[in-house]
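I opened my notebook on this one to look at helix packing and at the ligand's surroundings. Here is what I looked up.

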Amino acid sequence: MSLVKLSEIVMEFEIGSFFKKSRLRAVDRVSIDIERGEVYGLVGESGSGKSTLGRVSLRLYRPTSGSVIFNGIDITNVPERHLRKLRRRMQLIPQDPYSSVNPFYTIEEALVEPLLTHNSIDRKEAVEEAKKILEEVGLVPAEEYLSRRPQQLSGGQLQRVAIARAMILKPDYIVADEPTSNLDASIRASIVKLISDFQKRLNQALLFISHDIALVSLLAQRIGVMYLGQLVEEGNSRNIVKDPLHPYTKALLSAIPLAEELKIEKVVLKGEIGDPSNPPKGCRLHPRCPYAMQLCKNKEPPVISIENRKIKCWLYTEK
Ligand SMILES: Nc1ncnc2c1ncn2[C@@H]1O[C@H](COP(=O)(O)OP(=O)(O)OP(=O)(O)O)[C@@H](O)[C@H]1O
Ligand SMILES: [Mg+2]
């Protein structure tokens, strides 16, 4: 049984002014599931709906339609007060650590708070736990960090605190939303390794969101590729990289630095990503796709399954 199962998720936001309201569909009928102990990589350009889907999976957003099942329990419409017990089992590591760690808290307070909220332990024990996890994330000596505040740490150190805070309750499910994109290139690998070590040790389901399909392919067992709110391809990491089917996946892969050495077919998309508030008719990629046929302009392709792959493209689908 999957730990996290998202079915036909639609997430719409109301946008515009009071007088001219409209709805933006950030996620459009996406289904994915993640097993315990599995790393699922979610990739796609900016605005494709990755963060929104991640937040729906944690029930930080209630989806417009579709369902969110966590550990066999339908939590799609569970009210916030009933979600509290589950919150400790699912955590977010966001892109910007400065937004996730309260600037008025000391590091001690930031780490002790979730323990005191969710566990029945006293403060002294909680501080001991906080010290232990600081050591695990490489902030030593731990005592020195406990009294500091977020502004007194570097971005990389604070991201370690954010990871510690997410992991301190030993959750079963983690969403890491571009956890290294705000950090110096030199420390990215160590932060990814830290998350990956916790994931293995705690046998967590991890949804790892990134622009970087090369990085994701090193970490994830499966990869989902999103474009303008839709899942366009999904499959086993190795197969996706070795034999991408969707033109969009091919384009993402042909943009990685090693593409030439790896003999990846070159696919260059035209123009920029479309407008999610007014997506193209038919296949959403068609205005940019070098393989677009007449059909692609008129009719949206369904998601079909071929072996262990899902694909949403007329090139692989019976018309
Ligand atoms: N709270 C919101 N209100 C209105 N629109 C939103 C909201 N959150 C996201 N959107 C819109 O939904 C679309 C998808 O956004 P989302 O942040 O999920 O994309 P993303 O794939 O995570 O992008 P990035 O790689 O830049 O983080 C975008 O067009 C975005 O502007
Ligand atoms: Mg995002």
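I began with the crossing of helix 4 and helix 5, which is right-handed (the near helix is turned clockwise from the far one by less than a right angle; anticlockwise would be left-handed). This is a predicted model, where local features need pLDDT of at least 70, side-chain atom pairs count only at pLDDT 80 or more, and totals for chains, interfaces and linings use all residues. Residues are numbered from 1 along each chain as written, while chains are lettered from A and ligands numbered from 1 in the order written.

Helix 4 (residues 107–118) and helix 5 (residues 123–136) have axes that come within 9 Å and cross at roughly 120°. I therefore noted the pair as oblique (not under 35 degrees, over 145, or 65 to 115). Among the residues that meet are Leu111 and Leu115 in helix 4 and Ala126 and Ile133 in helix 5 (C-beta atoms, placed from the backbone, within 7 Å). By class, I found eight nonpolar, no polar and three charged residues in this contact.

Next I checked helix 4 against helix 7 (residues 155–167): the angle is about 20° and the axes are 8 Å apart. These two are therefore roughly parallel. Ile107, Ala110, Leu111 and Pro114 in helix 4 meet Val161, Ala164 and Arg165 in helix 7.

Last, I looked at ligand 1, which 14 residues surround (C-beta atom, placed from the backbone, within 6 Å). The closest are Phe13, Ala26, Ser46, Ser51 and Thr52. Helix 1 gives the largest share of this shell, three residues.

Conventions:
Axes are lines fitted to C-alpha atoms, for helices over the stretch in contact, and angles run from 0 to 180 degrees between N-to-C directions. Helices (H or I, at least four residues) and strands (E, at least two) are DSSP runs, numbered from the N terminus. Two residues are in contact if their C-beta atoms, placed from the backbone, lie within 7 Å. Ala, Val, Leu, Ile, Met, Phe, Trp, Tyr, Cys and Pro count as nonpolar, Asp, Glu, Lys and Arg as charged, and the others, Gly among them, as polar.
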